[in-house]
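Reader: Hi! I have a protein chain open on my screen and I'd love some help finding my way around. Could you walk me through it?

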Amino acid sequence: MEDTEDMETRLLLQPWASVCFAESTLLAKAYFGNAGYALLLCDLSHMWYERTDTQIIQQRSKDLNKRLTAHASSFLNHLRSLMCPLFEGQPTSSTSFSCQLNPNTLTLHVKSELSGLPFHWDFYCSVAPVEMISRHLVRPLMAMSLALQRQVQELASLLLQKDAEIEDYQESGAALSRERLKTEPFKEESFLQTFEVKTLPQACCLGDGHMFTSSLKQLYMAVAQQQARAACKRQWEASGAPESPEHVSTQDLLVEPEPEKGKAESQSAAAAAQCVRGTRASHTQAQKAQLPVTKTKRKKAKGLFS
């Protein structure tokens, strides 16, 4: 059985997605487990949140779908199948969504079908506390900005090294065989000034709500995983346990609920197989590198520099 803390951690590890409801574009993330779901919606000014358990789901299903009788897990699986395409930007034509915003609440209405009968569901979201806004949006975005800044610094350093390498070739008498490949030496200050003038204004246009691209979603998930590990370690140390939770892996944090356990296991197996293949390939390359090499007559290099 999933507890509240476990569901909160799993929700943190989900990426944000841009969803459109009529004229409203919101950021959304959700987690559907065996014992309930958690949903977050944000318009960059406010954030709304709902967490339910099986008891609430069973009662709400009776109120909204009097002709349907099923276990709470069936409704959870159906809600997951309706919401996932929406988060992926491919909602099904047989499902409609509408959003009703009040001063302190946000209600998301869903209309679809289940077993050939009309299916209705309402997500009743209340204003999220400040701590939740910080945990799911502010702190991850700050960590992402620092990570991207370090990435830019490393790329700039790499470009300067490449320029020094090209300069050494030129001083040795090498010349480009194709003039169109010639580039100017990289100047970091000029690059940053051009970026602020041309690229930055376009990047700051968040009116359409599409602020999380696929690569940024991956980065967000990586940052969230690090935060989840850090929180787990702090809790472990506070409990006075003799061992550190270093053995808790990302796969442990991302493990799916029971209905999708087989899928998660197959993905883990595929990842393990890929890792083994990569290890074997590296070992083979290392063996090839250790083989004796026969000296051959040195020839004049041909390619980029003639």
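Author: Happy to, and we can go through the helices and then a few loop residues and a buried proline. One thing to keep in mind is that this is a predicted model.

Reader: Good to know. How many helices and strands does the chain have?

Author: There are eight helices and seven strands.

Reader: And how much of the chain is buried?

Author: Of its 306 residues, 29% count as buried. As for contacts between residues at least 6 apart in sequence, 59% of them join residues at least 24 apart.

Reader: Okay, helices. Which residues make up α1 and α4, and at what angle do they pack?

Author: Helix α1 covers residues 4-12 and helix α4 covers residues 130-171. They pack at an angle of about 40°, and their axes are 10 Å apart. An angle of 40° is neither under 35 degrees nor in the 65 to 115 range, so α1 and α4 are oblique to each other.

Reader: What hand does that crossing have, left or right?

Author: The crossing of α1 and α4 is right-handed.

Reader: Which residues meet there?

Author: From α1 you have E8, T9, L11 and L12, and they meet M132, R135 and H136 of α4. By class, this contact has three nonpolar, two polar and two charged residues.

Reader: Now α6. Why does its length make sense?

Author: Helix α6 runs over residues 214-238, which is 25 residues. At 1.5 Å a residue it should span 36 Å, and its end C-alpha atoms are 36 Å apart, so the two agree.

Reader: Which residues of α6 are buried?

Author: Y220, M221, V223, A224, Q225, A228 and A231 are buried in α6.

Reader: I see numbers like 220, 224 and 228 there. Is there a helix rule behind that kind of spacing?

Author: An α-helix has 3.6 residues a turn, so residues three or four places apart point the same way.

Reader: Neat! What comes just after α6?

Author: Just after α6 you reach G240, which takes a positive phi of about 75°.

Reader: How do α1 and α6 sit against each other?

Author: They pack at an angle of about 150°, with axes 9 Å apart. That makes α1 roughly antiparallel to α6, because angles over 145 degrees count that way. E5, T9 and L12 of α1 make the contact with Y220, A224, Q227, A228 and Q235 of α6. Those residues divide into four nonpolar, three polar and one charged.

Reader: And what about α4 with α6?

Author: Their axes come within 9 Å and cross at roughly 110°. That makes α4 roughly perpendicular to α6. On the α4 side, the contact is made by R135, H136, R139, P140, A143, M144 and L148. On the α6 side, L216, L219, Y220, V223 and Q227 take part. By class, the residues of this contact are eight nonpolar, two polar and two charged.

Reader: A proline in a helix caught my eye. Is P140 buried or exposed?

Author: P140 lies in helix α4, and P140 is buried, with a relative accessible area of 0%. Leaving aside neighbours within four places in sequence, P140 is in contact with S134, R135, Y220, V223 and Q227. The C-alpha atoms of P140 and L219 are separated by 9.3 Å, while their places lie 79 residues apart along the chain as a sequence separation.

Reader: Let's switch to loops. Which residues have a positive phi without being glycine?

Author: Some background helps here. Most residues other than glycine have a negative phi. L44 has a phi near 70°, and S115 has a positive phi of about 55°.

Reader: Where are those two, and how exposed are they?

Author: L44 lies in the loop between β3 (36-42) and β4 (47-53). With 43% relative accessibility, L44 counts as partly exposed. S115 is in the loop between β6 and β7 (117-127), and at 71% relative accessibility S115 counts as exposed.

Reader: Last one: where is N102?

Author: N102 sits in the loop between β5 (96-101) and β6 (105-114). N102 is partly exposed, with a relative accessible area of 33%. N102 and S126 are 24 residues apart along the chain, and their C-alpha atoms are separated by 9.6 Å.

Reader: Thanks, that gives me plenty to look for!

Key:
Residues numbered from 1 in each chain as written. Predicted model: local features only at pLDDT ≥ 70, side-chain atom pairs only at ≥ 80, totals over all residues. Heavy atoms only, no water. Axes fitted to C-alpha atoms, helices over the stretch in contact; angles between N-to-C directions. Helix = DSSP H or I, 4+ residues; strand = E, 2+ residues; numbered from the N terminus. Left-handed = near helix turned anticlockwise from the far one by under 90°. Contact = heavy atoms within 4.5 Å. Nonpolar A, V, L, I, M, F, W, Y, C, P; charged D, E, K, R; others polar. Expected span 1.5 Å × (residues − 1). Buried < 20%, exposed > 50% of the residue type's maximum accessible area, 1.4 Å probe, protein only.
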